[in-house]
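Biologist: I'd like to learn how to read ring pairs and helix packing in a model. Could you walk me through one?

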Amino acid sequence: MWLSPFLPILLYLVVGAAAGAVDVELVSRAEDEDLERCLNDAVGGDKDRAQFPDEALYQLRDVKPLNLDISVTPAAVTYPKTTEEVAEVVRCAVKYRRKVQARSGGHSYANYCLGGAGATAVVVDLEHFQKFEIDRASWIATMGAGTLLENSEKRLHENGNRIISQGVAPQVVEVEVVLANSTVLRATKDENKDVFFAVLGAGASFAIITEYKFQTSPDVSRAWGDGSLHSATFKAWNKLVSDPDLSWKFASTLTILHRTVSINGIYFGPRSEFDSLNIEAQLPSGPKLELFIMDDVIGKIGQTLEDVGLHLSGSQASFYAKSLAFTPSTLMNDKAIDALFEYLEKSRKDALLWFVIFYLSGGYINTVPLDERAYPHRNGLYFMQSYAITLGRVGLTTRDFLNGINRLIVDNVPGVGGAYAGYVDPFLENAQQVYWGPTLGRLEKIKRRHQINLYVPESGQIRAEQIGKVQG
């Protein structure tokens, strides 16, 4: 996900020893009005930077809870521009007996960036804290606490091709913070050591971080297309699964997820039989590798499918997906693999999360003659699925990113084509032909003969229940 690297170490700041004992219902309307005046003054009288619950678009524009299942209405959402303004906001909250919650990325699953369920905190939104500087002698980068991952990556890359570890704190060398008493201080391993220790991992209750200094590293991972581990891993997996003598008891997927390549394998047979295949020795040791041995085939297949279902179900999101089918004569080649990693590195995505999965198909399903079942991919070896997930509506940039993956592969792998109807693409051209290929003509004849109301528009949107009638 494109989360703020600073989110885990932004805090839930308790203002004053007695704050937890305040009964919110006892805070009078007069005090609310006084709080509003104080917060407006704290941000220089700019009323756009201090918003309150009586504003018509407060929940939609300012609160913006990630989890709609958890109700929360902060006492105010403020947008300070300087560390001094943050200190003034904290001072107001202390004076009027409110808790304070800093918000950076805003991706807390339980809306803790707004104070959590039932809270009436004063939110300090850090969106204006976008400072970026880099010392090219020490390669220490200074960044504002409102910087999101995607922006930090871009700025570091454009200023010396540098990187920092994401979501962890080892490279933080200094922070600027605002304490509960509105004191502003800087902390390092040698100065204000206790504060430095607390904010790097403990999260809540210590301070509002307004600025970080990171020790950056050279970005060696950007050479994906010239023999990097990622490309080499894909090539090794491609060679393994395209071996015509590979046991049909072995299933595998290769997943590319934001500079990470992982391989998953399941062997439906005893350990001794799997070991004799020497599969692990054919794959590089660098990538994440998970292999499962299932000697209780029937029972464990069911459990595996159940686990996958639990993992994939129940998550609502805006997303776009595409697929592509590969046969033994139209497999990814070294040129296509190198070009793919270069494209994934350089292309614009505008997605919260994206991933590309190649999964082994084939096996027994390929022994069924094409004229016996409507499923057309009887000579398929593996499929590609690509996904991009966004917080709002999927935009043209995100769709172009996934379409670009397919175009790149088609340009580098002669004859590749076809898609899986289970991954419906509403923008796919010639959808019927792409999904059903050589079986389409027969399906159309069956439709006419039996008057089946099969609706498969050119857009690719399909009525699954009608497909079932045809395939059944």
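Modeller: Sure, let's start with rings. Rings of Phe, Tyr and Trp, with the six-membered ring used for Trp, pair if their centres lie within 6.5 Å. Keep in mind that this is a predicted model.

Biologist: Which residues do ring pairs link into a cluster?

Modeller: The cluster consists of Phe234, Trp237, Phe326, Phe341, Phe358 and Tyr382.

Biologist: And how many aromatic pairs does the rule give?

Modeller: The count comes to 16 aromatic pairs. Take Phe234 and Trp237: their ring centres are 6.2 Å apart and their planes are at 85 degrees, so this pair is edge-to-face.

Biologist: What two numbers describe such a pair in general?

Modeller: A pair of aromatic rings is described by the distance of the centres and the angle of the planes.

Biologist: Where do Phe234 and Trp237 lie?

Modeller: Both are in helix α6, three residues apart, which is about one turn of the helix. Phe234 counts as buried at 0% relative accessibility, and Trp237 is also buried at 0%. For contrast in sequence terms, try Tyr320 and Phe427. Their ring centres are 5.7 Å apart with planes at 80 degrees, so that pair is edge-to-face too. The pair links distant parts of the chain, 107 residues apart: Tyr320 belongs to strand β16 (residues 318-326), while Phe427 is in the loop between α10 (396-412) and α11 (431-436).

Biologist: Is Tyr320 buried or exposed?

Modeller: Tyr320 is buried, because its relative accessible area is 3%, and the cut-off for buried is under 20%.

Biologist: What lies over the face of Phe427?

Modeller: That's Arg399, at 4.3 Å from the ring centre.

Biologist: Okay, on to helices. How do I read the packing of two of them?

Modeller: Two packed helices are described by the angle between their axes and the distance between the axes. Here, α6 and helix α9 (residues 334-346) pack at an angle of about 145 degrees, with axes 10 Å apart. Their crossing is right-handed.

Biologist: Which residues meet there?

Modeller: From α6 you have His230, Ser231, Phe234, Lys235 and Asn238; from α9, Asp334, Ile337, Asp338, Leu340 and Phe341. By class, the residues of this contact divide into four nonpolar, three polar and three charged. Notice that Phe234 and Phe341 are in this contact and also belong to the ring cluster.

Biologist: What does Ala236 in α6 touch?

Modeller: Leaving out residues up to four places away in sequence, Ala236 touches Gln282, Leu283 and Pro284. Ala236 and Pro284 are 48 residues apart in sequence, yet their C-alpha atoms are 7.4 Å apart in space. Ala236 is buried as well, with a relative accessible area of 17%.

Biologist: Can you give me a loop residue to practise on?

Modeller: Try Thr439, found in the loop between α11 and α12 (440-450). Thr439 is buried, at a relative accessible area of 7%. Its contacts, again skipping residues up to four places away in sequence, are Leu370, Arg373, Ala374 and Pro376.

Biologist: Now zoom out. How many helices and strands are there in the protein?

Modeller: There are 13 helices and 18 strands. The protein has 472 residues, and 47% of them count as buried. As for contacts between residues at least 6 apart in sequence, 71% join residues at least 24 apart.

Methods
Residues are numbered from 1 along each chain as its sequence is written. This is a predicted model: local features need pLDDT of at least 70, side-chain atom pairs count only at pLDDT 80 or more; totals for chains, interfaces and linings use all residues. Side-chain values use heavy atoms; hydrogens and water are left out. Buried means under 20% relative accessible area, exposed over 50%, partly exposed in between (1.4 Å probe, protein chains only). Contact means heavy atoms within 4.5 Å. Axes are lines fitted to C-alpha atoms, for helices over the stretch in contact, and angles run from 0 to 180 degrees between N-to-C directions. Helices (H or I, at least four residues) and strands (E, at least two) are DSSP runs, numbered from the N terminus. A crossing is left-handed if the near helix is turned anticlockwise from the far one by less than a right angle, and right-handed if clockwise. Ala, Val, Leu, Ile, Met, Phe, Trp, Tyr, Cys and Pro count as nonpolar, Asp, Glu, Lys and Arg as charged, and the others, Gly among them, as polar. Rings of Phe, Tyr and Trp (its six-membered ring) pair if their centres lie within 6.5 Å; planes under 30 degrees apart count as stacked, over 60 as edge-to-face and the rest as tilted. A charge sits over a ring if NZ of Lys or CZ of Arg is within 6 Å of the ring centre and within 35 degrees of the ring normal.
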